[in-house]
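Q: Could you take a close look at one helix in this chain, and explain how its two sides relate to what surrounds it?

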Amino acid sequence: MKPAKFEYRAPRELEEALSILAEVGDEGKVLAGGQSLVPSMNFRLARPAVLVDINGIGGIDSVTSSSDHLVIGTLARHVRFERPVTDGPLGHLLALAARKVGHRPIRIRGTFGGSLAHADPAAEWCMIATLLDATMVASSVRGQREITASNFFKTVFSTALEPDELLTEARLPLLNPAAKIGFVEFSRRAGDFAIVAASSVLDVEGGRISTARIALGSVGGTPLRSPAAEAVLQGNVPSGELFAEAGEAAAGDVEPMGDIHGSPEYRRDLVRVLTRRSLQASTEH
Ligand SMILES: Cc1cc2nc3c(=O)[nH]c(=O)nc-3n(C[C@H](O)[C@H](O)[C@H](O)COP(=O)(O)OP(=O)(O)OC[C@H]3O[C@@H](n4cnc5c(N)ncnc54)[C@H](O)[C@@H]3O)c2cc1C
């Protein structure tokens, strides 16, 4: 298939891109890595009248650390995260996730911001943003606004971004250097989207879990936290039994949808197992 006819614009400056987006409104689409947009245009699921290619804009692919955040420019490519971009558990967590994003050619072109803006509930970066309650920065000619992950992802392929807004960066909170991170997913073939993914961050103080975060991917319209599993962990001593209990709680927290890749019951069972494995893995490295 070939895409429907479109006008191609390639701004060299951020301000120019924002003016074009303001001018074309919902007739326009941003082109980042093109790894999701181009296939959907070829299938004519997306028919933007104007394509705004942001690849020529300098300075929006940086990855830098502030005192408390890792600041990821929207055009940072997936491949960049395969090796830790920062010391400590956050860099390690991102590296575990990056290696599961599609295949290498996809990781070489696809971008962090494109994945967030695309909002596939199975996408690794969307789950990590939910796990850490990342802040997304949306820019437009009207100015900038910050949107937390819990308000950013609306439903499948839908975010809080307005048609004239460009996602310019994501801010991920730095983790406690001793934080224990876990990331596991299940797919039928290497490189496929996850049928279910689970990730976790634990802070342990005095032998007890002081903070617990669990996020799940591919079990609903958006990635989800599991408050029930987090409550099971909070204040308790890490152990295999506790992690199994948290897995049960996570399974009870979700209402997965079924599709050709797995029934709701199958996905729920994967949530149970992968939550436990994510927690177990977190205590092993
Ligand atoms: C075979 C295959 C397997 C894949 N497997 C996985 C996988 O396992 N896990 C995974 O997470 N992804 C997977 N992907 C998708 C891939 O990660 C994409 O790179 C990602 O979803 C979108 O990023 P992109 O930069 O390519 O965005 P594009 O395709 O360019 O854009 C995607 C959407 O986001 C919008 N957009 C992009 N950037 C911005 C921005 N800065 N501001 C506002 N809107 C923006 C676009 O307008 C479009 O609607 C796979 C893709 C393919 C083709």
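A: In this predicted model, the buried residues of helix α1, which runs over residues 14-24, are Ala17, Leu18, Ile20, Leu21 and Val24. These buried residues cover an arc of only 160 degrees around the axis, and therefore they lie on the same side of α1. The spacing along a helix helps to explain such a pattern, because an α-helix has 3.6 residues a turn, so that residues three or four places apart point the same way. Here a residue counts as buried if its relative accessible area is under 20%, and as exposed if that value is over 50%. By that standard, Glu15 and Glu23 are exposed, and they sit on the face of α1 that is turned away from its buried side.

We can then ask what the buried side meets. The buried residues of α1 pack against five strands, namely β1 (7-9), β2 (28-31), β3 (50-53), β6 (135-140) and β10 (166-173). To place these strands in the chain, it helps to know that domain 1 covers residues 7-53, while domain 2 covers residues 63-173. Between these two domains, 12 residues of domain 1 are in contact with 16 residues of domain 2, and the area buried between them is about 1000 Å², of which carbon and sulfur atoms give 77%. The count of salt bridges between domain 1 and domain 2 is zero.

Finally, at the end of the helix, α1 is followed by Gly25, whose phi is positive, near 55 degrees.

Conventions
Residues numbered from 1 in each chain as written. Predicted model: local features only at pLDDT ≥ 70, side-chain atom pairs only at ≥ 80, totals over all residues. Heavy atoms only, no water. Domains from an automatic or database assignment. Contact = heavy atoms within 4.5 Å. Buried area = accessible area lost by both parts, 1.4 Å probe. Salt bridge = Lys/Arg side-chain N within 4 Å of Asp/Glu carboxyl O. Buried < 20%, exposed > 50% of the residue type's maximum accessible area, 1.4 Å probe, protein only. Helix = DSSP H or I, 4+ residues; strand = E, 2+ residues; numbered from the N terminus. Arc of directions from axis to C-beta.
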